[in-house]
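Me: Could you walk me through the surroundings of the ligand in this model? I would like a close look at that one part, and then at whatever it leads on to.

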Amino acid sequence: MAKISVIGSGFSGLSAACFAAKAGNDVTVYEKNSAIGGRARSFSEQGFMFDMGPSWYWMPDIFESFFSEFGKKASDYYNLVQLEPGFQIIFGKDDVLPLPASMNGIEEVFEAIEKGSAVKLRKFLAEGKYKYNVGMKHLVNTPSYSWLEFAKPDVIKGVFRLDVFRSVKSHVADHFTDPRLRALMEFPVLFLGAMPDNIPALYSLMNYAAISLGTWYPMGGMVKIVEGMQQLATSLGVKFRTNAAVDQVMVEGGKISGLHVNGAKESTDGLIASGDYNHVEQRLLPAQYRNYPAKYWDDKTFAPSCLIFYIGVNKKVKKLIHHNLFFDTSLDVHSKEIYENLSWPSDPLFYVCAPSKTDPHVAPEGMENLFILIPVATGLKDTPDVREEYYQKVMKRMELLCDDTIADHVVYKKSYCVNDFVNDYNAFKGNAYGLANTLRQTAVLKPTLRNKKIKNMFYAGQLTVPGPGVPPALISGRLAAEELIKNI
Ligand SMILES: Cc1cc2nc3c(=O)[nH]c(=O)nc-3n(C[C@H](O)[C@H](O)[C@H](O)COP(=O)(O)OP(=O)(O)OC[C@H]3O[C@@H](n4cnc5c(N)ncnc54)[C@H](O)[C@@H]3O)c2cc1C
């Protein structure tokens with residue numbers, strides 16, 4: 001039985017730990033924070049429960065496939081409900097576009113806005129389904145050491161249908177004219193941390209995921225997934241060490257021999273590093289064993305960081321539903337500020353999650369727990385004054401667009417931004433979602449899963465393959481565990 005250490009207890013670390021333990025190893029997860037879950041931790045204050053990070057449960061098939069590897073189902077751990085509508089986009093006070101759960105409902109919404117668009121949507125989603133099936137079967141399920149791994153009959157046969165050489169933006173523009181439909185169809189790829197004009201149309205598979213597979217919610221919050229995975233891991237014998245910051249990785253004879261955890265040495269036969277890749281390489285590993293120099297990271301395009309407000313409101317906000325996108329300002333201007341100018345946004349789009357609309361247990365009766373998220377560039381100077389300025393800005397807009405008084409009813413408020421991502425997760429430049437999934441940062445072109453100089457060390461998580469998001473993190477953990485097991 002080999003001793004395997006996992007740095008980090010986010011989704012990728014939890015997944016890696018489960019797979020490594022299932023293969024018969026003695027697995028310990030080291031987590032620097034006091035709670036497990038990484039970016040998906042939660043906290044409770046004054047009767048309000050807040051998921052700190054992910055809030056969208058998309059691709060339920062990937063979660064099912066994870067649990068099925070262990071003879072389990074997601075429903076063994078949490079109760080999943082489908083949201084109806086899945087989400088709404090607020091373009092103006094009287095201009096709101098809800099996305100119904102059923103295909104008939106969605107087609108009616110499209111037809112009402114643009115005649116003939118329902119047929120185009122069907123075609124768009126059929127292509128998205130093809131990309132999703134090939135992509136999720138072949139493209140993400142490989143360690144991506146070489147392009148040859150993708151030379152599978154399905155991929156070769158359908159290479160043009162996979163649409164890697166044009167952007168999502170132009171693909172959407174070929175089908176829809178109305179700016180609101182275009183915004184709706186471009187929105188799902190924002191999850192991949194890149195703009196629709198800079199991301200291959202292959203990723204319209206995200207539309208299939210968002211529109212056809214539906215938007216779901218685990219009752220009790222996203223943290224229920226973390227708790228379920230922890231329960232599964234524990235049943236497989238995984239040990240969890242919290243408040244356990246790894247401060248050094250020890251290499252002897254070209255192999256990882258141990259870790260320094262809060263200054264004490266722990267021996268190990270193999271390592272899966274699921275904490276921020278840059279931090280592990282630049283801070284924990286001796287220079288000669290790093291895959292990449294510091295400059296490599298400076299040249300990468302990062303997905304945005306974000307400014308978040310966790311808000312408790314002592315009344316119900318009528319116009320909000322579970323997921324609300326405030327798209328009443330320009331996405332193009334906001335994206336330039338994130339990716340080109342790297343500056344605080346002038347008039348940002350923002351997102352508000354109100355899980356209390358679905359779940360009575362996450363806020364006191366008659367109240368709301370709101371999560372407000374503004375995407376911002378990585379590496380910004382983050383001060384209390386700037387945070388407050390944006391709080392006032394988005395609160396005013398939310399009040400105006402919801403036609404409601406909210407600020408006066410706020411009874412709990414906490415902010416979270418770049419500095420917190422750095423302090424809590426050792427996140428490079430305070431990134432929230434890892435690297436942007438642009439064509440030049442896809443698959444083989446991402447920071448690699450393996451340490452090229454140390455046989456028994458692999459990386460997992462949102463900075464390596466397949467990329468950012470909860471479903472990719474589950475897959476990344478599995479790939480890293482499978483590769484390590486072959487190499488110890
Ligand atoms: C605000 C926000 C909203 C998001 N929304 C969604 C969403 O709605 N849907 C979706 O699918 N995805 C979403 N994502 C993305 C998704 O949450 C992440 O991609 C995923 O959770 C990353 O998991 P991970 O395991 O790679 O990293 P992490 O969750 O960051 O886990 C890494 C862990 O390593 C620990 N660590 C770091 N250094 C050390 C060290 N030296 N010693 C010990 N431990 C260490 C960290 O504390 C952390 O717990 C969101 C992310 C954020 C931040």
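Reply: Happy to; what follows starts at the ligand and works outwards through the elements around it. Please keep in mind that this is a predicted model.

Let's begin with the shell itself. There are 38 residues around the ligand, and those that come nearest are G8, G10, G38, G275 and G461. Three elements give two or more residues to this shell: helix 1 (11–22), strand 14 (305–313) and helix 15 (470–486). Helix 1 provides the largest share, with 3 residues. By class, the shell holds 17 nonpolar, 17 polar and 4 charged residues.

It helps to place this in the wider chain, which is divided into domain 1 (3–79 + 220–299 + 437–486), domain 2 (103–213) and domain 3 (302–425). Domain 1 and domain 3 each supply at least three residues to the shell around the ligand.

Now to helix 1, the main contributor to the shell by share. Helix 1 has 12 residues and spans 17 Å from its first C-alpha to its last, close to the 16 Å expected at 1.5 Å a residue. Of its 12 residues, 11 are buried, so helix 1 is largely enclosed by the rest of the structure. The buried ones are F11, S12, G13, L14, S15, A16, A17, C18, F19, A20 and A21. Their cover includes strand 1 (3–7), strand 2 (26–30), helix 2, helix 9 (223–235), strand 13 (270–273) and helix 15. Helix 15 therefore appears both in the cover of helix 1 and among the elements giving two or more residues to the ligand shell. After helix 1 comes G24, with a positive phi near 95 degrees.

Helix 15 also takes us to the contact between domains. The centres of domain 1 and domain 2, taken over C-alpha atoms, are 28 Å apart. Their contact takes 21 residues from domain 1 and 20 residues from domain 2. On the domain 1 side, helix 2 (60–68) and helix 15 are the elements that give two or more residues. Helix 15 has the largest share of that side, 4 residues. By class, the domain 1 side is made up of 13 nonpolar, 5 polar and 3 charged residues. Just ahead of helix 15 in the listing of elements is a loop worth a look: P466 is placed between strand 19 (457–459) and helix 15. The peptide bond from V465 to P466 is cis, with omega near -5 degrees.

The remaining shell element to follow is strand 14. Strand 14 and strand 17 run antiparallel and are joined by 9 bridges. One of the pairs sets G312 against N369 in strand 17. Strand 17 (residues 368–376) is mostly covered, with 8 of its 9 residues buried. Strand 17 also pairs with strand 16 (residues 350–353), again antiparallel, through 3 bridges. There, C353 has F371 in strand 17 as its bridge partner.

Finally, some backbone details that you may want to check if you take the model further. A second cis peptide bond runs from E84 to P85, with omega near -5 degrees, and P85 lies in the loop between strand 5 (80–82) and strand 6 (87–92). Q46 is not a glycine, yet has a positive phi of about 50 degrees. Q46 is in the loop between strand 3 (42–45) and strand 4 (48–51), and counts as exposed because 12 C-beta neighbours lie inside 10 Å. N243 likewise has a positive phi of about 50 degrees without being a glycine. The place of N243 is the loop between strand 9 (239–241) and strand 10 (246–252), and N243 counts as exposed with 12 C-beta neighbours inside 10 Å.

Strand 3 offers one last stop, at S42. S42 is partly exposed, having 19 other C-beta atoms within 10 Å. Beyond its neighbours within four places in sequence, S42 is in contact with M49, F50, D51, M52, G221 and V223. S42 and K224 are 182 residues apart in sequence, while their C-alpha atoms are 9.7 Å apart in space.

How values were computed:
Residues are numbered from 1 along each chain as its sequence is written. This is a predicted model: local features need pLDDT of at least 70, side-chain atom pairs count only at pLDDT 80 or more; totals for chains, interfaces and linings use all residues. A residue is near a molecule or strand if its C-beta atom, placed from the backbone, lies within 6 Å of it. Ala, Val, Leu, Ile, Met, Phe, Trp, Tyr, Cys and Pro count as nonpolar, Asp, Glu, Lys and Arg as charged, and the others, Gly among them, as polar. Domain bounds come from an automatic or database domain assignment. A residue is buried if 20 or more other C-beta atoms lie within 10 Å of its own, exposed if 12 or fewer, and partly exposed in between; C-beta atoms are placed from the backbone. Two strands pair if DSSP finds at least two bridges between them. Two residues are in contact if their C-beta atoms, placed from the backbone, lie within 7 Å. The expected span of a helix is 1.5 Å times one less than its number of residues.
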